[in-house]
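User: Please look closely at one part for me: how the strands are arranged, and what goes with them. Keep it simple, as I am new to this.

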Amino acid sequence: MSEQLVNAIADMREEETLKLVKEMVEGGSEPMAILGAAREAMDIVGKRYEEGAYFLPELMLAGEMLNQITDILKPELAKLPEIKRHGKVLIGTVEGDIHDIGKDIVTFMLDVNGFEVRDLGVDVPAQEFVEAIKDFQPQVIGLSGFLTLAFDVMKETIEAIEAAGLRDRVKIMIGGGQINEDIKEYTGADAYGKDAMAGVSLASKWVGAK
Ligand code: B12
């Protein structure tokens, strides 16, 4: 069924996609596994876009379908065993990048796991992160980005936090479609989280939650 879902999303069959997701949820499929299939489908959509088989409207429809899938899964995700913690996380998609579906899932998962999260939204300038750190006093910062140009912007954002004398007060995690360990090294972040649960685990570890 998971393969069927990957194909339905990748081929832009919206109605079938939503029907399948509902059936999978009712059949007891793991919500994280359903998200995994959606992510696999997004890679196919991305490739078709790169190859010129899909255009911007398809990317947009893929984004919409993903949002609808997330909405169906949210009540299920909220039922996952809660990891004990408590702390503040400031999150946002870095300047120049407007992808927010992945970030919103991370925000949601942090929230249902009891973190106080301030979400600065998308296309967030470095200085806005700096000001929000002063105001909100988070222990953890989450930077999200899906474009390759986000790598440099993440680096600049972390440099701005450092220049403001705030780097020692916060742990910084980064994530998003193309982010990996090498980008973590490049940007000077403390860690890279491959998915929302990794973000929750990192934040929990950093605030000393067991
Ligand atoms: C949907 C989509 C869009 C939608 C976004 C809608 C939205 N509201 O977000 C729209 C149509 C708006 C869009 C626009 C563009 N897009 Co686009 N898009 C995609 C697509 C298909 C899916 C992205 C997505 O949402 N994935 C699903 C989520 C759930 O992703 P995820 O990685 O599984 O998320 C998890 C982790 O990454 C992690 N995570 C995410 N953030 C964080 C943060 C932290 C702190 C942590 C710990 C973890 C974490 O947790 C998430 C949940 O588990 C990708 C292709 C792909 N393969 O990803 C292209 C893609 C990212 N887009 C691309 C491009 C080129 C664009 C445009 C430039 C197109 C254009 N010509 O205008 C614009 C960019 C505009 C801008 N300035 O940002 C390229 C980027 C290429 C590159 N090298 O930079 C991609 C890779 C497609 C491709 N292969 O060419 N896009």
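Analyst: Start with the words helix and strand. A helix here is a DSSP run of H or I with at least four residues, and a strand is a run of E with at least two; both are numbered from the N terminus. Keep in mind that the model is predicted.

Now the sheet. Five strands form it, and it is open. Read across it, the order is β2-β1-β3-β4-β5. The pairing is parallel. β2 and β5 (191-192) are the edge strands, since each pairs on one side only. In general, strands of a sheet pair through backbone hydrogen bonds, either parallel or antiparallel.

Go to the pair β1 and β2. β1 covers residues 88-93, and β2 covers residues 116-119. Four bridges join these two strands in the parallel sense. Two positions help you line them up. K88 stands opposite E116 in β2. L90 faces R118 in β2.

How does the chain get from β1 to β2? Helix α5, residues 101-112, belongs with these two strands in a β-α-β unit. The unit is right-handed. Look at the loop between β1 and α5, where H99 is found. H99 holds a special place: its NE2 atom is the only protein donor of the cobalt atom of the ligand. The distance is 2.3 Å.

Next comes α6. This helix lies across β1, β2 and β3. It runs at about 165° to β1.

Follow α6 (126-136) to its end. The loop between α6 and β3 (140-144) contains Q137. Its backbone deserves a look. Most residues other than glycine have a negative phi. Q137 is not a glycine, yet its phi is positive, near 55°. Is Q137 buried, partly exposed or exposed? Its relative accessibility is 45%, so Q137 counts as partly exposed. The partly exposed class lies between 20% and 50%.

For contrast, step away from the strands to M12. This residue is in the loop between α1 (2-10) and α2 (14-26). M12 is not a glycine either, and its phi is positive too, at about 65°. M12 has a relative accessibility of 15%, so it counts as buried. The cut-off for buried is under 20%.

Conventions. Residues are numbered from 1 along each chain as its sequence is written. This is a predicted model: local features need pLDDT of at least 70, side-chain atom pairs count only at pLDDT 80 or more; totals for chains, interfaces and linings use all residues. Side-chain values use heavy atoms; hydrogens and water are left out. Buried means under 20% relative accessible area, exposed over 50%, partly exposed in between (1.4 Å probe, protein chains only). Two strands pair if DSSP finds at least two bridges between them. A crossover is right-handed if, with the strands pointing away from the viewer, the path from the first strand over the helix to the second runs clockwise. Donors are N, O and S atoms within 2.8 Å of the metal (3.2 Å for Na, K and Ca); water is not among the atoms, so sites may look incomplete. Contact means heavy atoms within 4.5 Å. Axes are lines fitted to C-alpha atoms, for helices over the stretch in contact, and angles run from 0 to 180 degrees between N-to-C directions.
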